[in-house]
Amino acid sequence: MRVQVKLFAFFRDGRFIKEDKELPEGTTAGTVVDDLDIDREEIGVLMINSRHCKFETVLQEGDIYAIFPVIGGG
Amino acid sequence: MAESNRDKILQNIKQRSRDGLLSLADALAIAGQWNCSLRDVEHIALDHAITPSRFQRNSLSCQEQLRLFLSRVAIIGCGGLGGRTAELLARLGIGHLILTDPDVFSESNLNRQIFCSTESLGCNKVDIVDRELQKINPALETTLHISTFTTGSIDTADIVIDALDSTEARITLSKLCRKQQIPMVHGAVKEWYGQAGIDQASNNLISTLYPQKTAPSSPPRVLPMSVALIASIQAAEATKSLLGHNSSLTGSWLETDLLHCEFDSIKIPHDI
């Protein structure tokens with residue numbers, strides 16, 4: 001299945017801003033995070049098609065999956 | 001101030017003003033003559049559609065300038081975001097700033113904190129920010145809290161600026177602001193990146209952005225351009241709120257990326 005993954009802020013460093021990915025059926029939001037070598041502790045918001053999702057949420061064909069880090073500096 | 005004096009001061013202001021503008025030198029001379037504060041003189045002037053000259057280029061209406069003069073903004077954290085926001089709001093003509101920060105300036109602040117200089121190292125941030133703001137806008141009233149924030153830091157404010165650098169503190173401040181029904185203009189930065197939005201009763205901004213009470217603690221890596229950008233957005237959003245302008249940031253937050261020059265407005269999900 002095809003899923004568009006969008007990364008924000010420093011998650012883009014050394015990765016990408018937006019990428020269409022071919023993923024096996026049943027892939028979860030958390031698996032994509034792990035495959036991108038992103039530390040789960042650094043995650044702020046996970047959204048699929050502009051709605052919250054969890055690491056366990058299973059992605060579907062055509063989903064737009066956005067991954068935001070916690071940004072805390074002031 | 002006696003009503004008769006107020007009338008005489010107004011007469012004086014009208015005599016000295018030109019094209020609806022009152023210079024700082026004239027305002028100070030009037031304050032000296034009538035033994036009142038510069039702030040009193042400027043308040044009377046603005047009440048009667050005469051604008052202090054230093055706000056001329058704001059190009060706001062006199063009513064808008066008066067509304068800002070009568071506004072109170074609480075700035076929580078006076079480092080990178082807080083110092084910049086304070087500077088912008090003082091220049092703009094906000095009448096009263098409530099500044100809260102427990103810390104002193106240290107050398108690692110020099111890269112991004114506008115009022116941190118080699119001369120202010122070791123000094124309380126709140127004291128230095130106040131001193132420098134008075135040089136920019138001597139009619140500015142300030143209330144200073146050299147401490148972590150409490151209800152007293154925000155309860156008289158029309159709007160609060162979140163310029164903190166800790167997730168836990170942000171969540172606490174958001175709860176406090178919600179309890180007091182005061183909108184909070186959120187901003188945060190890291191490296192080339194930043195985010196800003198307005199946390200208020202109609203949305204779940206802070207609980208969306210910070211689902212966990214703590215974040216991984218590492219020394220903040222922050223570039224000064226990101227700080228100046230996000231502080232400008234915070235100052236603009238606070239000003240718009242005070243002047244009654246609508247903002248898309250009540251239903252969204254802004255993600256900024258100066259490295260790739262990308263700005264994204266993200267709708268706050270309502271499903272938590």
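Colleague: How many of the 13 residues of helix 5 of chain B are buried?

Modeller: Helix 5 of chain B (helices being DSSP runs of H or I of at least four residues and strands runs of E of at least two, numbered from the N terminus) is largely enclosed by the rest of the structure. This is a predicted model, in which local features need pLDDT of at least 70 and side-chain atom pairs count only at pLDDT 80 or more, while totals for chains, interfaces and linings use all residues. Residues are numbered from 1 along each chain as its sequence is written, with chains lettered from A and ligands numbered from 1 in the order in which they are written. Taking a residue as buried if 20 or more other C-beta atoms, placed from the backbone, lie within 10 Å of its own, as exposed if 12 or fewer do, and as partly exposed in between, the buried count for helix 5 of chain B is 11 of the 13.

Colleague: Which elements of chain B are included in what covers the buried residues of helix 5?

Modeller: The buried residues of this helix run from B:G80, B:L81, B:G82, B:G83, B:R84 and B:T85 on to B:A86, B:E87, B:L88, B:L89 and B:A90. Counting two residues as in contact if their C-beta atoms, placed from the backbone, lie within 7 Å, the cover in chain B includes strand 3, strand 4, helix 6, strand 6, strand 7 and helix 10.

Colleague: What is the reach of helix 5 of chain B from its first C-alpha to its last?

Modeller: The expected span of a helix is 1.5 Å times one less than its number of residues, and for the 13 residues of helix 5 of chain B the expected value is 18 Å. The modelled helix 5 of chain B comes close to that, reaching 19 Å.

Colleague: Why do the buried residues of helix 2 of chain B lie on the same side, and how wide is their arc?

Modeller: In helix 2 of chain B, residues 24–33, the buried residues are B:D26, B:A27 and B:I30. They are on the same side of helix 2 of chain B because of the narrow range they cover around the axis, the arc being that of the directions from the helix axis to the C-beta atoms. On the other side of helix 2 of chain B, B:A25 and B:G32 are exposed. The arc covered by the buried residues is only 100°.

Colleague: How many residues does each chain give to the contact between chain A and chain B?

Modeller: Helix 5, strand 7, strand 8, helix 9, strand 9 and strand 10 of chain B each supply at least two residues of the side that touches chain A. The contact takes 32 residues from chain B, and from chain A 18 residues.

Colleague: Which residues form the covered face of strand 1 of chain A?

Modeller: In a regular strand the side chains alternate between the two faces of the sheet. Strand 1 of chain A has A:R2, A:Q4 and A:K6 on its uncovered face, and on its covered face A:V3, A:V5 and A:L7.

Colleague: Which strand of chain A runs parallel to strand 1?

Modeller: Two strands pair if DSSP finds at least two bridges between them, and strand 1 of chain A pairs with strand 2 in the antiparallel sense over 5 bridges, with A:R2 bridged to A:E22. The parallel partner is joined to strand 1 of chain A by 4 bridges, and in it A:I64 is the bridge partner of A:Q4. That partner of strand 1 of chain A is strand 5.
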